[in-house]
Amino acid sequence: MSSKVKIEIDDNSGFCFGVTAAIQKAEKELAINPVLYCLGDIVHNSDEVERLRSKGLVTITHAELADLHNVNVLLRAHGEPPSTYDTARRNGIRVIDATCPVVLRLQKRIKDAFTHPAPPQIVIYGKAGHAEVNGLVGQTGGNAVVVDDSSSLAEIDPSRPVALYSQTTQSLEGYERMHDRIKHLLGSQCVTCHDTICRQVANRAEGLALFAKAHSVVLFVCGKKSSNGRVLYNCCLRANPHTYLISNSSEIDPRWLDGASSIGVCGATSTPRWLMEEVRDAACSIVSED
């Protein structure tokens, strides 16, 4: 590799503690039992899912869960609604619960608010259909309203007070915009704001922006299903327009690296370190051929 090109992995990128704990639980269980079922992808990264699949982790859907009996099932960090636990109990399924503690606390807060004698209207800022959001909505029996940046807010009843929560991996900036929009709609006296964004995730945005500015080219590594990855990628892109989103090293376009004096490799909270190392090594090979 040319001595003029610096290639660096961001030390603060990679798995958050919730994902790390879930993968550790899966690997511990697979060391004892040859097969472990996981409800949904354990992490939104296809390369890491494939690595664990080779060890015996089988990804299943909720429909498939209903047909399983007397097996071991891991619940990933995103969390699940109460109905999933009900299915497991009925079917004699042993649950290995890897729900992130931050998500568990949020689920409890929403459930407590919804079961209050005079409950507010529960509104969740997040991505409809996302696994974590499904688990949060489940705490209200499906009665929460989910909104995102493109929502018209039409589902919110303006005659009822609102308790606003957030999917833990949303951006602080987006949450604050949504809070302002709902206050404008209902009046500040009718909206109670609960900032439930995970700071381990949110605080990465500022650091990633600085990392991106420090390099002439940035390779941002994350799975295509990662909501957090999209948020953090856009942070890097705003800081450095020469930021490229890739799933793995096979997607690097050598033209991106032409003339680069430094290359930064970073990723989402769902991006494994080993995958960023593969991208770094591939970038090294490309620039050394120049």
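User: Let's start with β4 and β5: how many bridges join them, and do they run parallel or antiparallel?

Analyst: Bear in mind that this is a predicted model. Here β4 and β5 (residues 94–97) run parallel, and four bridges join them. One place to look is Asn72, which stands opposite Arg94 in β5. β4 also pairs with strand β2 (residues 36–39), again in parallel, through two bridges. There, Cys38 has Leu74 of β4 as its bridge partner.

User: Which way do the side chains of β4 point, and are they buried or exposed?

Analyst: The general idea is that side chains in a regular strand alternate between the two faces of the sheet. In β4 (residues 72–75), Asn72 and Leu74 point one way, while Val73 and Leu75 point the other way. All of these residues are buried.

User: Moving on to the sheet with β6 in it, what is the strand order?

Analyst: Read it as β7-β6-β8-β9, an open sheet of four strands with parallel pairing. The edges are β7 (145–147) and β9 (191–193), each pairing on one side only. From one strand to the next, the twist averages 25°. For a closer look, take β6 (residues 121–125) and β7, which pair in the parallel sense over three bridges. Val123 has Val145 in β7 as its bridge partner.

User: Which strands does helix α7 lie across?

Analyst: α7 (residues 172–186) lies across β6, β7, β8 (162–166) and β9, and runs at about 170° to β8. It has 15 residues and reaches 21 Å from first C-alpha to last, close to the 21 Å expected at 1.5 Å a residue.

User: Which residues of α7 are buried, and what do they pack against?

Analyst: The buried ones are Gly174, Tyr175, Met178, His179, Ile182 and Leu186. Looking down the axis of α7, you find them within an arc of 140°, so they line one face of the helix. Those buried residues pack against β6, β7, β8 and β9. Just after the helix comes Gly187, with a positive phi near 100°.

User: What about the sheet containing β1: which strands are at its edges?

Analyst: This open sheet has four strands in the order β1-β12-β10-β11, with parallel pairing. β1 (6–9) and β11 are the edge strands, each pairing on one side only. Its twist averages 20° from strand to strand. β1 and β12 run parallel and are joined by four bridges, and Ile9 stands opposite Val265 in β12. As for helices, α10 packs on the sheet, touching β10, β11 and β12, with its direction at about 160° to that of β11. Helix α9 (residues 204–213) lies across β1, β10 and β12, at about 160° to β12.

User: How many aromatic pairs are there, and how should I read them?

Analyst: In general, you describe a pair of aromatic rings by the distance of the centres and the angle of the planes. The count here comes to three aromatic pairs. One of them is Phe220 with Tyr233, tilted, at 6.1 Å centre to centre and 55° between the planes. Phe220 lies in β10 (residues 217–221) and Tyr233 in α10 (residues 227–239), so the pair ties together parts that are 13 residues apart in sequence. Both Phe220 and Tyr233 are buried. Another is Tyr244 with Trp256, stacked, at 4.2 Å centre to centre and 5° between the planes. Tyr244 sits in β11 (residues 243–246) and Trp256 in the loop between β11 and β12 (262–267), so this pair ties together parts 12 residues apart in sequence.

User: Why does Trp256 count as partly exposed?

Analyst: Because buried requires under 20% relative accessible area, and Trp256 has 21% relative accessibility.

Notes: Residues are numbered from 1 along each chain as its sequence is written. This is a predicted model: local features need pLDDT of at least 70, side-chain atom pairs count only at pLDDT 80 or more; totals for chains, interfaces and linings use all residues. Side-chain values use heavy atoms; hydrogens and water are left out. Two strands pair if DSSP finds at least two bridges between them. Axes are lines fitted to C-alpha atoms, for helices over the stretch in contact, and angles run from 0 to 180 degrees between N-to-C directions. Contact means heavy atoms within 4.5 Å. The expected span of a helix is 1.5 Å times one less than its number of residues. Buried means under 20% relative accessible area, exposed over 50%, partly exposed in between (1.4 Å probe, protein chains only). The arc is that of the directions from the helix axis to the C-beta atoms. Rings of Phe, Tyr and Trp (its six-membered ring) pair if their centres lie within 6.5 Å; planes under 30 degrees apart count as stacked, over 60 as edge-to-face and the rest as tilted.
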